[in-house]
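Please read the following with the sequence and the model open side by side. The text starts with how the protein copies are arranged, goes on to the DNA, and ends with one helix.

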2 protein chains.
Amino acid sequence: MASLTAGNRRPVRLADIAKAAGVSHGTASNVFSRPEIVREEVRERVRAAAEAMGYGGPDPKGRLLRAGKVNAIGVATAEPLSYFFEDPFARVMMAGISQACDATGAGISLVSAANNEQLAWNIQSALVDGFIVFCIEGGSRLVELARERKLPFVALDLASEDGSVAAIGVDNIAGASMAARHLTDLGHRRFAVLALPFADGRTGLVSPEQVRVATYAGTRDRLTGYLQELSRVGIDISKVPVYETANDAASTKAGLETIFASEAAPTAILAMSDRMALVALEWLHARGLDVPSDVSVVGFDGVPEAKVSEPPLTTIAQPIVEMGRLAVKAILDSDGPVSRHQLPVELIVRASSGPPRG
Amino acid sequence: MASLTAGNRRPVRLADIAKAAGVSHGTASNVFSRPEIVREEVRERVRAAAEAMGYGGPDPKGRLLRAGKVNAIGVATAEPLSYFFEDPFARVMMAGISQACDATGAGISLVSAANNEQLAWNIQSALVDGFIVFCIEGGSRLVELARERKLPFVALDLASEDGSVAAIGVDNIAGASMAARHLTDLGHRRFAVLALPFADGRTGLVSPEQVRVATYAGTRDRLTGYLQELSRVGIDISKVPVYETANDAASTKAGLETIFASEAAPTAILAMSDRMALVALEWLHARGLDVPSDVSVVGFDGVPEAKVSEPPLTTIAQPIVEMGRLAVKAILDSDGPVSRHQLPVELIVRASSGPPRG
DNA sequence: CACTTTCGTTGGATCGATTCAATTTTTGCT
DNA sequence: AGCAAAAATTGAATCGATCCAACGAAAGTG
């Protein structure tokens, strides 16, 4: 019934206009892809036929099959799609990826789903030349799915233990160590750690046992870096509360409640992400605690928001944009050996850290 | 030379494993797409063959051609790709689009290029089921290119005059009018307007003539709304400076310089975007002018940043997320007539506006 | 035991283009 | 005009899958 309107579902193929123009489909194809090699008169005839029949140009679906290359790279996470536009770290990373893609003319396909089954299907059916995998929650599954596609892929921000997967990350141990060192140098001795997930789906204070079996090596490495430095100055690290969050506001606040409920409240907080650190800043302010005179806070990541927070956040800056660029490069020239890059981080001292009171 | 390593460029097709497993390609296909209809023994044999030969599952490229649907929608702009992750308005809009896509399981393809030729090619070859077109700079060209693909598409944030293109926008005249009304009610009589582009590529004070031939009807409508209200209270609108910017920091600051260089500096600024308004806030502060006691500022868009600026920004909020959702819906059920939605806007009064001094 | 269902499998047709070797037409030159 | 070289055109093969009508075998029925 809907077909009453002009009665056709646009089945206009290149072959149709070739017939209409009285040329072979080979020639018709040339009119669009290499117009210079077909005689002007013929070219115009074909163009006119295309115009008349409402032909929208060669369908990329067809071309794709022959050409093999999609000219787009997929960026995958196990978060909902909006993660790409809402998470500060993801946004900066995507900006880096964008730059590299713009430079090479590649497109970006966002591949993602919070739902597990949907995610698998989306990865299996993504039309891309390769994947950049954001390893936050569900990282290992994601890597597994990407690997199954047998396309080039690179894991981001993951201290993957599996040397066979290409990965781009930072030196988490060194970075965390620098953060802790900065605070111990200032004289702090009572610490608390706001940790990223060690494994999927749980939050709360973590035990050494849980750290040992951590799924996420990156989280473990940062903790290792923190604790290494703390024990160096003689702090009993078994007394340092480590609260695992889901890197969102709610679980971070819960962590802060727990941490500050204890007798010996810390004078310094080591947060494994700027996102958590920024939440902490807000929470401390609401609680009437001054930063940095009551509590110092040091983040990790170096997102732009850290520059303009109240007070501006001391943090370990990752070369996020550069990582994004490298990732794209790794996909596009993915012939060589699996590329594993470990980039340096940098301590950026701002106003959220200072000597402890007294 | 590179082919020494195992000497093959992965030409493993479904047909290959079918042959290896001793079944027809039809059956092999079924093993992956409808496993329940093939006998277990056969299924396992095929699966084993696939595993052994390193087959990564049915290639979506092939499936696509047959299926016809990509299951992804393209979002197009004439800006570089990073625009999606850096512009506040775009980010909120993308969040809305993401939500709708998550809900329906569709993917998102970012289609964009600052370079003209590249842009055309990218749109022509994008593997998508439809386009959502961000009409900022280069809007008309973009719409033209999208139209040529003969795919469903919807223009966002564009008061397109051409009734044949689906579009989702807000009532720009009413919104602008509300903004101006708010300020006239407060007692303001000396105004300046920071305008979005009327046409591509130029900035500076605009003449009525330039307004008349504006490419962007949305910009013109907002101006109409402002001026309608101003003349209603008896202001000589020919004296109101209207400075056209490129909606970036540089040209906005240039506009402010121009505006405040004049004898009778305005007591109120009407900015056609929050982005400009926020730049204005900063510029005025740096210049030593207090907002709102020296100058009131009212923006347009309602981006999240407006809530936390110093001072918080009075603005006309668009239902950005809702627009994103509607756009996706328009693409996905694109059978009906071209859908043109005009959504309402809302005046949000914050601290950046107040009565003029004296 | 013949006869109908049901189930699993087969292989050809199709999706919409590009490519390339072969062929035809045009051009250029004497 | 005659012939070689250059340019334009043709059409079959290919890309990698899915779909479906037809068919053979096994199971069920009188």
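In this predicted model, the residue of chain A that comes closest to the rotation axis is A:Ser109, whose C-alpha lies 2.3 Å from it. The axis in question is the one that relates the two protein copies: a turn of 180° and a shift of 0.1 Å along the axis lay chain A on chain B with an RMSD of 0.2 Å. That is the relation of a two-fold axis. The contact between the copies can be read in the light of this. Of the interface residues of chain A, 100% are also interface residues in chain B, so the copies meet through the same surface.

Next comes the DNA. DNA strand D is surrounded by 25 residues, and the closest of them come from both chains: A:Val42 from chain A, and B:Arg13, B:Leu14, B:Ser29 and B:Asp59 from chain B. By class, the surface near DNA strand D has 9 nonpolar, 9 polar and 7 charged residues.

Which parts of the strand does the protein approach? Of the atoms of DNA strand D within 4 Å of the protein, 65% belong to sugar or phosphate, and the rest belong to bases. Some individual atom pairs can be named. An N or O atom in the side chain of B:Ser29 is 2.3 Å from a phosphate oxygen of DNA strand D. With B:Leu14, a polar backbone atom is 2.5 Å from a phosphate oxygen of the strand. B:Arg66 has a polar side-chain atom 2.9 Å from a sugar or linking oxygen of DNA strand D. Two or more residues of the surface near DNA strand D are given by each of these elements: helix 2 (25-33) and helix 4 (60-67) of chain A, and helix 2 (25-33) and helix 4 (60-67) of chain B. Helix 4 of chain B gives the most, with 4 residues.

The last stop is helix 8 of chain A, which spans residues 139-148. Its buried residues are A:Gly139, A:Leu142, A:Val143, A:Leu145 and A:Ala146. They cover an arc of only 165° around the axis, which puts them on the same side of helix 8 of chain A. The spacing follows a general rule: an α-helix has 3.6 residues a turn, so residues three or four places apart point the same way.

What do the buried residues of helix 8 of chain A pack against? Their partners in chain A are strand 1 (72-77), helix 7 (116-124), strand 3 (131-134) and strand 4 (153-156). Just after helix 8 of chain A, A:Lys150 takes a positive phi of about 55°.

Terms used
Residues are numbered from 1 along each chain as its sequence is written. Chains are lettered from A and ligands numbered from 1 in the order in which they are written. This is a predicted model: local features need pLDDT of at least 70, side-chain atom pairs count only at pLDDT 80 or more; totals for chains, interfaces and linings use all residues. Side-chain values use heavy atoms; hydrogens and water are left out. Buried means under 20% relative accessible area, exposed over 50%, partly exposed in between (1.4 Å probe, protein chains only). The arc is that of the directions from the helix axis to the C-beta atoms. Contact means heavy atoms within 4.5 Å. Copies are superposed by least squares on the C-alpha atoms of residues with pLDDT of at least 70 in both. A residue is near a molecule or strand if one of its heavy atoms lies within 4 Å of it. A polar contact is a pair of N or O atoms within 3.5 Å; within protein, one must be able to donate a hydrogen and the other to accept it, and residues adjacent in sequence count only if both atoms are side-chain atoms. Ala, Val, Leu, Ile, Met, Phe, Trp, Tyr, Cys and Pro count as nonpolar, Asp, Glu, Lys and Arg as charged, and the others, Gly among them, as polar.
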